[in-house]
Amino acid sequence: MTFEPRMANPAQILPDSFKGMGHLMAAVAKGGLSATTAELVALRASQLNGCSACVQSHVEALQGAGESVDRIVGVSAWGESPYYDEAERAALALTDALTRLADSHDAVSDELWREVTKHYDEKQVSALILQISTVNLFNRINVTVRERADKPSWKQA
């Protein structure tokens, strides 16, 4: 398998598309979700989708924010890791459910919804849903074009 990109990133080819994604990201940032939680769920979705460029990017962001190696590495096995509080666990569980929609008839069960809404208000839940969904969009684009983890296009510009 080659690790060379198949093409330039579609957001670079169609720059107006990135404006829309940028608006989504800006809205998420105003949703009251902690930056750490936003990055943890982004890392988890990227792991599930096999997006190495996004995994790399979110690991770097978490490192830059001062997160411990234990918490960063533990995301891959968050359900068995002692490093997350109940709210983070709910966010990570929602990430798994939204990223793996096809794996379950009732991907976001009432029980999961109750757990998420126990820890986050409506604005934060909205930010969480949009963060997970937007990261899934980026993952799908980057995996398709084989965006490189060591030379992502967003660092080349």
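These legends accompany several close-up views of a predicted model.

**View 1. The annotated domain, residues 16-96.** Let us start with the stretch that carries a record annotation. An unreviewed UniProt entry places the feature "domain: Carboxymuconolactone decarboxylase-like" at residues 16-96. In the model, this stretch is 73% helix and 0% strand. The C-alpha atoms at its two ends are 30 Å apart.

**View 2. Phe18 and Phe138, a tilted aromatic pair.** The model holds two aromatic pairs. In this one, the ring centres of Phe18 and Phe138 are 6.5 Å apart, with 50° between the planes. The pair links distant parts of the chain, as Phe18 sits in helix α2 (residues 15-29) and Phe138 in helix α8 (residues 122-145), 120 residues apart. How buried or exposed is each ring's residue? Phe18 has a relative accessible area of 40% and is therefore partly exposed, whereas Phe138, at 18%, counts as buried.

**View 3. Tyr83 and Tyr84, an edge-to-face pair.** Here the ring centres of Tyr83 and Tyr84 lie 6.5 Å apart, and the planes stand at 90°, so the pair is edge-to-face. The cut-off for that class is an angle over 60 degrees. Tyr83 is partly exposed, with a relative accessible area of 36%. Tyr84 counts as buried, at 5% relative accessibility.

**View 4. Ser46 and its contacts.** Zoom in on helix α3 (residues 35-49), where Ser46 has its place. Ser46 is buried because its relative accessibility is 0%, and the cut-off for buried is under 20%. Which residues does Ser46 contact, leaving aside its neighbours within four places in sequence? The answer is Cys51, Cys54, Val55, His58, Val135 and Asn139. Of these partners, Val135 and Asn139 are worth finding in the view.

**View 5. Glu4 and Arg148, a salt bridge between distant parts of the chain.** The count of salt bridges in the model comes to 10. One of them joins the side chains of Glu4 and Arg148, with 2.5 Å from N to O. Glu4 belongs to the segment before α1 (10-13), while Arg148 belongs to the loop between α8 and α9 (153-156), so the salt bridge ties together parts that are 144 residues apart in sequence. Glu4 is partly exposed at 46% relative accessibility, whereas Arg148 is buried, with a relative accessible area of 15%.

**View 6. Glu60 and Lys155, a salt bridge between two helices.** The closest N and O atoms of Glu60 and Lys155 are 2.6 Å apart. Why does this pair tie together distant parts of the sequence? Glu60 is in helix α4 (residues 52-64) and Lys155 is in helix α9, so the parts they join are 95 residues apart in sequence. Glu60 counts as partly exposed, at 30% relative accessibility.

**View 7. Lys118 and Glu115, a salt bridge within one helix, with a last look at a network.** Lys118 pairs with Glu115, their closest N and O atoms being 3.4 Å apart. Both residues lie in helix α7 (residues 110-119), three residues apart, about one turn of the helix. Lys118 counts as exposed, at 52% relative accessibility, while Glu115, at 29%, counts as partly exposed. To finish, return to the salt bridge of View 5: Glu4, Arg148 and Asp150 are joined into one network by salt bridges that share partners.

Notes
Residues are numbered from 1 along each chain as its sequence is written. This is a predicted model: local features need pLDDT of at least 70, side-chain atom pairs count only at pLDDT 80 or more; totals for chains, interfaces and linings use all residues. Side-chain values use heavy atoms; hydrogens and water are left out. UniProt positions are given in the numbering used here, feature names are shortened, and annotations may be inferred rather than shown by experiment. Helices (H or I, at least four residues) and strands (E, at least two) are DSSP runs, numbered from the N terminus. Rings of Phe, Tyr and Trp (its six-membered ring) pair if their centres lie within 6.5 Å; planes under 30 degrees apart count as stacked, over 60 as edge-to-face and the rest as tilted. Buried means under 20% relative accessible area, exposed over 50%, partly exposed in between (1.4 Å probe, protein chains only). Contact means heavy atoms within 4.5 Å. A salt bridge is a side-chain nitrogen of Lys or Arg within 4 Å of a carboxyl oxygen of Asp or Glu.
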